[in-house]
Amino acid sequence: MFKELIGKRSAPSKNVIERGAVKKFAEAINDPAPIYIDEKAGKASRYGRNIAPPTFPITLEYGAIEELVLPTKGLIHGEQKFHYKRPLFVGEEVYGVTEIKNYYERTGSFGKMGFLVIERQGTDAQGELIFTEEQIIIINEAARKGMPV
Amino acid sequence: MTAMTEIKVGESLEQMQMPPVTRLDLIKYAGASGDFNPIHTIDEEATNAGLPGIIAHGMWTMGNLAKLFTPYVEDGFIEDYAIRFRNMVFIDDVLTLQAVLYKEEENKREFKVAVVNQKGQEVVNGTVVFRMYEVGMAG
């Protein structure tokens, strides 16, 4: 049961914000702005370097919570939030951690649905928080029981 | 482009209409994001999942929407970006990106943001809190 996993945290996972990965990502979201991909433009900016698009943290690793096993089908990404202390810099190291924040169920027009709230955090090499990310994953009852959806 | 400080409550950032969504858009996003869930790229898998066709990654749409704020990176940064995924996005959909300033508080500008499809449905909506680096006259 997901409820028993509330409060579980992963071990931190180390990421490096790679220039090539940021460029590919910026292009894939149709936002290849110089601040993300052009080294000169980054140097000339107020940041003195390139930054990553605000949704880039979705690509990073945050460690695994072994007990968390999600069904492969019947999942809906319901909500997504990012909160930043500052922009994410190209080239920096980010330590990602994931935590199960909440799980609750609601009955609606599609039957009983489960809502899993997952928080992820990214901290820099000095241990300062850069961003938090929250996802709400909606799990329908059929998927939860392991039935074909 | 209007400077962020000149935008008044009730006014919009310049909205942007995107070219029709293609399969290649989603294949590129799958590669760039690492999200290879096949309902986003392979027809059969989408059909098997009970969908009428392949659907865009919600995060692809959310990623595109943020671009309305990219011209303002020298003025501040996105402090909060919160989105609800409301409707599915299919191949050939024509999406429009929108942001309206609804609240101004010291160095924060709060926007209601949405992506609307060709039928006028909001496929995603939410808020962006943009934090300005300087407070202007307040100092």
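Me: Why is A:Glu39 called partly exposed?
Reply: A:Glu39 has a relative accessible area of 43%, and since buried means under 20%, exposed over 50% and partly exposed in between (1.4 Å probe, protein chains only), the middle class is the one that applies to A:Glu39. This is a predicted model, in which local features need pLDDT of at least 70 and side-chain atom pairs count only at pLDDT 80 or more, while totals for chains, interfaces and linings use all residues. Residues are numbered from 1 along each chain as its sequence is written, chains are lettered from A and ligands numbered from 1 in the order in which they are written, and side-chain values use heavy atoms, with hydrogens and water left out.

Me: What makes A:Lys43 exposed?
Reply: The relative accessible area of A:Lys43 is 59%, which is over 50%, so A:Lys43 counts as exposed.

Me: Why is the pair of A:Lys43 and A:Glu39 called a salt bridge?
Reply: The term asks for a side-chain nitrogen of Lys or Arg within 4 Å of a carboxyl oxygen of Asp or Glu, and the closest N and O atoms of A:Lys43 and A:Glu39 are 4.0 Å apart, so the pair is counted. Both residues lie in helix α3 of chain A, 4 residues apart, about one turn of the helix; a helix here is a DSSP run of H or I with at least four residues, a strand a run of E with at least two, and both are numbered from the N terminus.

Me: How do you know that A:Lys8 forms a salt bridge with A:Glu67?
Reply: The closest N and O atoms of A:Lys8 and A:Glu67 are 3.3 Å apart, so the criterion is met. This pair links distant parts of the chain, with A:Lys8 in the segment before β1 (13-16) of chain A and A:Glu67 in the loop between α3 (39-44) and β2 (75-84) of chain A, 59 residues apart. A:Lys8 is partly exposed at 34%, and A:Glu67 is partly exposed at 43%.

Me: Which side chain meets that of A:Glu133 in a salt bridge?
Reply: A:Arg120 does, at 3.1 Å from N to O. The pair links strand β5 (residues 129-140) of chain A, which holds A:Glu133, to strand β4 (residues 111-123) of chain A, which holds A:Arg120, 13 residues apart. Both A:Glu133 and A:Arg120 are buried.

Me: How many salt bridges does the structure hold over all chains?
Reply: There are 18 over all chains, and A:Arg86, A:Glu92 and A:Asp124 are linked in a network of them.
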